[in-house]
Amino acid sequence: SYFPILITDEHPLGRDEVYRRMRDEGVIVRRYFYPLISDMPMYRGMPSAAAENLPVARAAADHILCLPIFEDFTTVDLDRVICLMLELAA
């Protein structure tokens with residue numbers, strides 16, 4: 001499963017850059033609520049899919065990153081993820 005975190009606009013890197021760098025280091029992270037269903041071609045043209053109608057969903061899709069967490073996740077894995085996240089926040 002995943003552990004969702006919020007990468008705010010105050011973070012020195014954006015969510016997508018953190019995503020890229022974590023994956024470059026072999027840490028499988030995931031952008032959560034991405035893409036929004038309203039961005040998919042079959043829904044994009046619907047009035048209810050307009051971005052101004054979905055500010056909370058849009059913010060979630062743009063800022064949430066899921067860190068890995070699973071049954072065999074060791075303290076070594078945890079330390080690695082924490083260290084990488086701290087490096088990227090510096």
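Which elements do the buried residues of α1 pack against? They pack against β2, α3 (55-63), β3 and α4 (75-89), and the legends below show how these pieces fit into the whole. This is a predicted model, in which local features need pLDDT of at least 70 and side-chain atom pairs count only at pLDDT 80 or more, while totals for chains, interfaces and linings use all residues. Residues are numbered from 1 along each chain as its sequence is written, and side-chain values use heavy atoms, with hydrogens and water left out.

**Figure 1. Meet the whole protein chain.**
Let us start with the overview. The protein chain has four helices and three strands; helices (H or I, at least four residues) and strands (E, at least two) are DSSP runs, numbered from the N terminus. Reading from the N terminus, you meet the elements in the order β-α-β-α-α-β-α. The C-alpha trace spans about 50 × 30 × 20 Å along its principal axes. Of the 90 residues in the protein chain, 28% are buried. Here, buried means under 20% relative accessible area, exposed over 50%, and partly exposed in between (1.4 Å probe, protein chains only). Among contacts between residues at least 6 apart in sequence, 72% join residues at least 24 apart; a contact means heavy atoms within 4.5 Å.

**Figure 2. A sheet of three strands.**
In this view, follow the strands across the sheet. The sheet is open, its strands come in the order β1-β3-β2, and the pairing is antiparallel. The edge strands are β1 and β2, each pairing on one side only. Two strands pair if DSSP finds at least two bridges between them. As a rule, strands of a sheet pair through backbone hydrogen bonds, either parallel or antiparallel. Strand β1 (residues 2-6) is joined to β3 by five bridges, and one partnership to look for is Tyr2 with Pro68 of β3. Strand β2 (residues 30-31) pairs with β3 over two bridges, also in the antiparallel sense. Here Arg30 has Cys66 of β3 as its bridge partner, and Arg31 has Leu65.

**Figure 3. Strand β3 under cover.**
Now look at β3 itself. Five of the five residues of strand β3 (residues 64-68) are buried, so this strand is largely enclosed by the rest of the structure.

**Figure 4. The buried side of helix α1.**
Next comes a helix with a hidden side. In α1 (residues 15-24), the residues Arg15, Val18, Tyr19 and Met22 are buried. They cover an arc of only 105° around the axis, which puts them on the same side of α1; the arc is that of the directions from the helix axis to the C-beta atoms. After α1 comes Gly26, whose phi is positive, near 85°.

**Figure 5. Buried residues of helix α3.**
Which residues of α3 are buried? They are Ala60, Ala61 and His63. The buried residues of α3 pack against β1, α1 and β3.

**Figure 6. Two backbone surprises in one loop.**
This close-up is about backbone angles. Most residues other than glycine have a negative phi, and most peptide bonds are trans. Phe33 lies in the loop between β2 and α2, and its phi is positive, near 60°, although the residue is not glycine. Phe33 is partly exposed, with a relative accessible area of 45%. Pro35 sits in the loop between β2 and α2. The peptide bond that joins Tyr34 and Pro35 is cis, with omega about -10°.

**Figure 7. Ser38 and its neighbours.**
Is Ser38 buried or exposed? Ser38 is buried, with a relative accessible area of 11%. You can find Ser38 in the loop between β2 and α2 (41-44). Not counting residues up to four places away in sequence, Ser38 touches Tyr43, Arg44, Ala49, Leu54 and Arg58.

**Figure 8. Phe73 in its loop.**
Our last stop is Phe73, which lies in the loop between β3 and α4. Leaving out residues up to four places away in sequence, Phe73 touches Pro68, Leu78 and Val81. How many residues apart in sequence are Phe73 and Arg44? Phe73 and Arg44 are 29 residues apart in sequence, and their C-alpha atoms are 38 Å apart in space.
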